[in-house]
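Here's a quick briefing to read with the model open beside you. Take a look at the picture first, then work through the points below.

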Amino acid sequence: MSYCIYTTKPISQTNKTEQIMAKLFLVSFLGLLIAAYGVAGNVVYDKFSILEDMDIVEEDTDFLESPSWTSEHGGKVLVNVDSFGAVGDGVSDDTQAFRKAWDTACSTRKSVLLVPPGRRYLVNATKFKGPCAERLIVQIDGTIVAPDEPKNWDPDLPRLWLDFSKLQGVAFQGKGVIDGSGSKWWAASCKKNKSNALTIDSSSSIKVKGLTIQNSQQMNFVISKSEANNINVVLQDCKIGTGDDCISIVNGSSTIKMKRIYCGPGHGVSIGSLGEDNSVGIVTNVVLDTALLRETTNGVRIKTWQGGSGYVRGVRFENVRMEDVANPIIIDQFYCDSPTTCQNQTSAVQISQIVYRNISGTTKSKQAIKFACSNTVPCSNLVLSNVNLEKKDGTVETYCNSAQGFGYRLVHPSADCLSSHDKGSILIDWKDNAELTEPTEDHIIHTEL
């Protein structure tokens with residue numbers, strides 16, 4: 001189950017601060033002096049400098065507030081699904097009524113597509129396509145439910161349920177529920193029978209607020225191809241409980257900002273998996289600021305398969321509280337979600353410029369911090385500051401394999417196992433960062449979790 005505020009903003013509408021964030025430049029977050037000199041486009045920082053402090057940019061109030069659809073002076077056109085024949089008894093098939101209501105609302109300026117409260121609308125797999133007239137609001141106050149029998153699923157849409165695409169400036173809001181009725185999918189393995197509850201595809205300037213999404217067939221909420229790829233996405237004030245990753249940031253994602261996230265139960269907040277089947281994986285500019293993870297199997301995680309290529313860089317996890325988390329801080333470059341053993345391969349997704357700051361709490365495992373990096377493509381520029389993780393019934397330790405970086409201020413368990421080619425500095429190539437910040441279409445391969 002999950003509910004939160006989700007927004008996408010087009011790059012052309014970002015403010016100056018956000019434009020700076022998207023460039024992955026590097027400065028000291030402690031405001032200390034930087035001792036630097038340039039050689040062939042490289043910059044060397046002393047040990048007490050750190051990666052770019054990518055602050056969460058608070059969104060404009062009017063952008064996050066729910067647009068009013070009840071104002072007598074708002075000039076809104078109400079499009080009620082009941083007016084198009086929807087029954088709302090949870091048994092009758094209301095799919096066609098929803099499609100007709102969508103067509104009308106989408107083509108009408110300042111319209112409100114209303115799903116009324118107090119009713120359950122059975123809707124089969126459907127694609128709701130744009131572009132639409134401006135200022136469309138989708139007001140969901142009732143419950144939308146999926147067919148609970150896989151055999152009753154639309155065979156032409158095996159991987160989708162409610163799919164919205166090619167939209168701009170649309171608000172999805174309300175106090176309603178989107179219920180995927182997924183229990184029979186889980187029994188048959190959702191890994192093999194993949195379908196997602198709510199999908200926002202190929203869209204920009206979208207806001208989702210106040211809704212509860214639950215019991216999906218596989219994933220509750222998917223953001224796909226926002227701004228050509230998943231670029232400029234904000235998630236905040238989310239409460240997520242699930243049987244897999246609470247949040248999964250996959251290939252082609254850049255400038256992802258998460259704030260005030262509650263996760264549990266679940267597998268934590270993850271980047272990846274990336275690199276499956278020797279594919280390219282690229283993720284840049286990710287910030288998680290202020291989160292509570294409770295009794296999850298992982299905390300903040302980066303997971304990649306052997307044999308992949310590409311990179312993860314410019315990531316900051318900060319102000320995170322862990323409560324009885326099995327693997328609070330983990331990089332796993334030997335990820336293998338397969339019934340058979342994965343072959344050892346030398347190629348790997350490159351992981352660098354990762355910051356862990358102000359992270360505290362309790363762990364269930366002895367290895368509170370685990371950096372299992374590729375032997376041939378080591379993790380580099382890993383920085384820990386003010387990290388304090390304890391185990392209620394024993395000691396804790398940090399595990400490092402091919403991991404370079406350092407700890408600053410309090411780091412418990414100690415990060416002394418981190419190594420560096422130059423123990424007093426971290427080397428960052430400005431030129432490469434400028435060229436590689438935003439992935440190109442040629443690199444984008446949308447892989448599975």
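What follows covers one sheet, one residue in that sheet and one annotated site.

This is a predicted model, where local features need pLDDT of at least 70, side-chain atom pairs count only at pLDDT 80 or more, and totals for chains, interfaces and linings use all residues. Residues are numbered from 1 along each chain as its sequence is written, and side-chain values use heavy atoms, leaving out hydrogens and water.

**The sheet**
- Six strands (DSSP runs of E, at least two residues, numbered from the N terminus) make an open sheet in the order S19-S21-S23-S25-S27-S29, with parallel pairing.
- Strands S19 (247-249) and S29 (397-401) are the edges, each pairing on one side only; pairing takes at least two DSSP bridges between two strands.
- S19 runs parallel to S21 (residues 269-274), and three bridges join them.
- One such link pairs Ser248 with Ser270 in S21.

**Val300**
- You'll find Val300 in strand S23 (residues 300-304).
- Val300 has a relative accessible area of 0%, so it counts as buried (under 20%, with a 1.4 Å probe and protein chains only).
- Not counting residues up to four places away in sequence, Val300 touches several residues, including Val269, Leu288 and Tyr356; contact means heavy atoms within 4.5 Å.

**His267**
- UniProt, in an unreviewed entry, puts an "active site" at His267; such annotations may be inferred rather than shown by experiment.
- His267 lies in the loop between strand S20 (253-263) and S21.
- At 25% relative accessible area, His267 is partly exposed (between 20% and 50%).
- Leaving aside neighbours within four places in sequence, its contacts include Asp244, Cys246 and Arg301.

Key. Helix = DSSP H or I, 4+ residues; strand = E, 2+ residues; numbered from the N terminus.
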